[in-house]
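I opened this notebook page to record what I looked up on enclosed space and charged side-chain contacts. The entries follow in the order in which I made them.

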Amino acid sequence: MNRFIRKVAILGSGIMGSRIACHFANIGCEVLLLDIVPRELTEKEKAKGVSTESKAFRNRIVNEALQSTLKSNPSPIYKKSFASRIETGNFDDDLHKIADCDWIMEVVIERLDIKQQVFANVEKFRKEGTLITSNTSGIPIHLMLEGRSEDFKAHFCGTHFFNPPRYLQLFEVIPTSETKPEIIDFLMDYGAKFLGKKTVLCKDTPAFIANRVGVYSIMSLFHIVNDMGLSVEEVDKLTGPIMGRAKSATFRTCDVVGLDTLVHVANGLKENCPNDEESPSFVLPEYISKMVENNWLGSKTKQGFYKKVKDENGKSKILVLDLNSLEYKEKARVKFPTLDMVKPIDDLRQRTKMLMMGMDKAGEFYRKIFGGLFGYVTNRIPEITDDIYKIDDALKAGFAWELGPFETWDILGFEKGLELIEKEGKKVAQWVIDMKEAGFTSFYKSENGQKLFYDITSQSYKVIPGTEDLVMLDILRADNKVWGNADTTIVDLGDGILNLEFHTKMNTIGGGVIEGINKAIDLAEKDQKGLVISNTGQHFSAGANVGMIFMMAIEQDFDELNFAVKTFQDTMMRIRYSNIPVIAAPHNMALGGGCELSMHSDKVIAHAELYMGLVEFGVGLIPGGGGSKEFAKRLSDELADGDIKINRMRDKFLTIGQAKVSTSAHEAFDLGYLRKGTDEVVVSRDHQLKRAKEACLELANNGYVAPKREKNITVLGNEGLGIVYVGADTMYSGKYMSEHDKLIAEKLGFVLCGGDLSENTVVSEQYLLDMERKVFLELCKERKTLERLESIVKKGKILRN
């Protein structure tokens, strides 16, 4: 029987409850958010004459919690208006409303007695068949079922989001022995497709999967740091992006999460897992105990491993904790030969191999942490899960690791992993020995475009459940590569659809990418049905190669720069007017040229987490790859629909002039980067490429015909320019913008309005492209623009280092 989730009840409006409510609102659900009634009036309420019977009083806790959440940064909501999908109330007056809900989720305080009390009240109003779950992070799920009805038990399980729910991808599903199999299947599917999560099925064991292994990894590291005499800044340098972990690395992450939270989980694991062979790792090192005793818990107490202070000049600076003296000191520069050795290596897999080969303290550190980790995860099977891929998925999605433990082991080699475990004095689980004796020496392999995992029970490889219908670029690349250069690869997705991916630094667009785009269109037009442009990088594209533009401008090679910009423009126009459909599938950053590419595609299948914008104004330029032209064209289309001219023109001008970047794909529609009625948003990153391929096939199979080149674009001329010039002059006079910014604003307005025209005039796309390019080159000659470009180039080098 089909099950649909239209309305969700969230019981508990704390940090997690409110954020979970926001994420359900993000995907279009109605949400009922409930919490307790306050005990008494505040002094402020008494002064206002608020009654204890009023909704303002009775819903104060839930309303304040939700408003605080909506103001938090980063935002938990895709778009401000989506918050209207959330109705608030309290347990005393509004619990009966859960009868209309399709899913009831408990997110109250982590106390079993209180949770059981909430569930007893839920039973009074819940209709049979309704999903009922708990977002507990540590209480055994089966203990919550005491006294519950058979229908409640059959539809109940744990569902554990990681904080913040919008951004962290993990969604752990923890059934009990009484949960119906179809309920488990539904939650696994819904979590992946609708919530956009990596949904991992867990056993009902302490801390489930991600926190069990993740917290062990952190606690083990705490002890290793102590033994090796490493500093906070050294560890954070070693455990960040260099090894495929979050930028906040280890100690900064602990500060953000809160040391007390970590200690709470570690103490719980020590108490509840007495047979864990690594139980001593969960004992707090002395420096951690002292920090907790001193209330140095991180951001929430203004100091932890890091502390922000002001110097004698009132300027803020960050101090770091000396783990030996427990005094704060200036951050020291971190340098290890191993890190210098891997600096030029962009590929994480190759870099991981090299990190393990280091002969300095850094190399020793990596061998220690991975030797311990490899041993630990083998011994957690079958305790916390029966399958290796679930451990990898949980840690990648919950702790933002780019590679899971078993994936990392495969990269290093089976024997190397065993060697690391043995050197650390750890024991590997028997199933690994059995695996080796059976002749298997990898945990994963690729076959027929699918990723297979080693199944311990059957001693064979099986397709990872839930991935059967996915289009996985990482798997297809090895066997389906059609063409490639240093910056791009063209992969055959099957069914007549090609995919073009970039693999430059931050996926910036330079000559190699332009060549790749044109080659992909050539191949698709020759004997394919369509083209998708997507990649598996951290970002879709950070835009054009600023370093290349700077070098041409500083050398005053303006003929070459003009040729490069025109080639970029021509390539964007080819995307639009090719004889095959071109679909862009952007995710995360799609800035500058990445935004322009998307705007010229036939359709955009955007991931919900999309930070899209034309940001060239910030480096002293205007969009020069067709972005300015495209905004003028879209303005013309909107004017044809009867919109007020000047208001619409002002909106378009400010979007580019203020370098606005969307905070989600939904906001990108409001900013004019995405097209309502044409472009789509998908919440699941795993399903994005599949949907992009489907969209490309739909266009092709419905008889795709290349659009006609646009020659009827209405521009406002002097009518619009007058507004631009007056606005820029006012901002400059009020000292809200510099003289250089005023110049850029006037030149941007000049392009958007079609130039110095006495009346509204019809022009062609090429007319606007030529004007856009001319202005772009003029700005490249400005000293202030060159200074900004140089600053960006230097910053990029610092970031790379």
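I take a salt bridge to be a side-chain nitrogen of Lys or Arg within 4 Å of a carboxyl oxygen of Asp or Glu. I note at the outset that the model is predicted.

**Entry 1: salt bridge between helices H31 and H33.** I looked up Asp 741 and found that it forms a salt bridge with Arg 788, with the closest N and O atoms 2.6 Å apart. Asp 741 belongs to helix H31 (residues 739-752) and Arg 788 to helix H33 (residues 783-800), so this pair ties together parts that are 47 residues apart in sequence. I then checked accessibility. Asp 741 has a relative accessibility of 17% and counts as buried, because the limit for that class is under 20%. Arg 788, at 23%, is partly exposed.

**Entry 2: salt bridge between helices H32 and H31.** I next looked up Glu 778, whose side chain meets that of Lys 747 in a salt bridge of 2.8 Å, N to O. Glu 778 lies in helix H32 (residues 765-780) and Lys 747 in helix H31, so parts 31 residues apart in sequence are tied together by the pair. For Glu 778 I recorded a relative accessible area of 24%, which is partly exposed.

**Entry 3: Asp 455 and Lys 462.** The side chains of Asp 455 and Lys 462 also meet in a salt bridge, at 3.5 Å from N to O. Is each partner buried or partly exposed? I found Asp 455 buried, with a relative accessible area of 8%, whereas Lys 462 is partly exposed at 38%.

**Entry 4: network and total.** I listed one network of salt bridges, which links Arg 212, Asp 276, Glu 277, Arg 380 and Glu 383. For the structure as a whole I noted 64 salt bridges.

**Entry 5: cavities.** How many cavities of 30 Å³ or more are there? I recorded 3. The largest cavity holds about 60 Å³ of space. Its lining consists of Met 243, Gly 244, Arg 245, Thr 352, Leu 355, Phe 370, Trp 401, Glu 402, Leu 403 and Thr 408. I sorted this lining by class and entered 5 nonpolar, 3 polar and 2 charged residues. Gly 244 is in the lining, and I note that Gly is classed as polar here.

Methods. Residues numbered from 1 in each chain as written. Predicted model: local features only at pLDDT ≥ 70, side-chain atom pairs only at ≥ 80, totals over all residues. Heavy atoms only, no water. 1 Å grid on protein atoms, 1.4 Å probe; cavity = no way out; pocket = protein on both sides within 12 Å on 5 of 7 lines; lining within 4 Å. Points joined across faces, edges and corners; volume = space filled by probe spheres on them. Buried < 20%, exposed > 50% of the residue type's maximum accessible area, 1.4 Å probe, protein only. Helix = DSSP H or I, 4+ residues; strand = E, 2+ residues; numbered from the N terminus.
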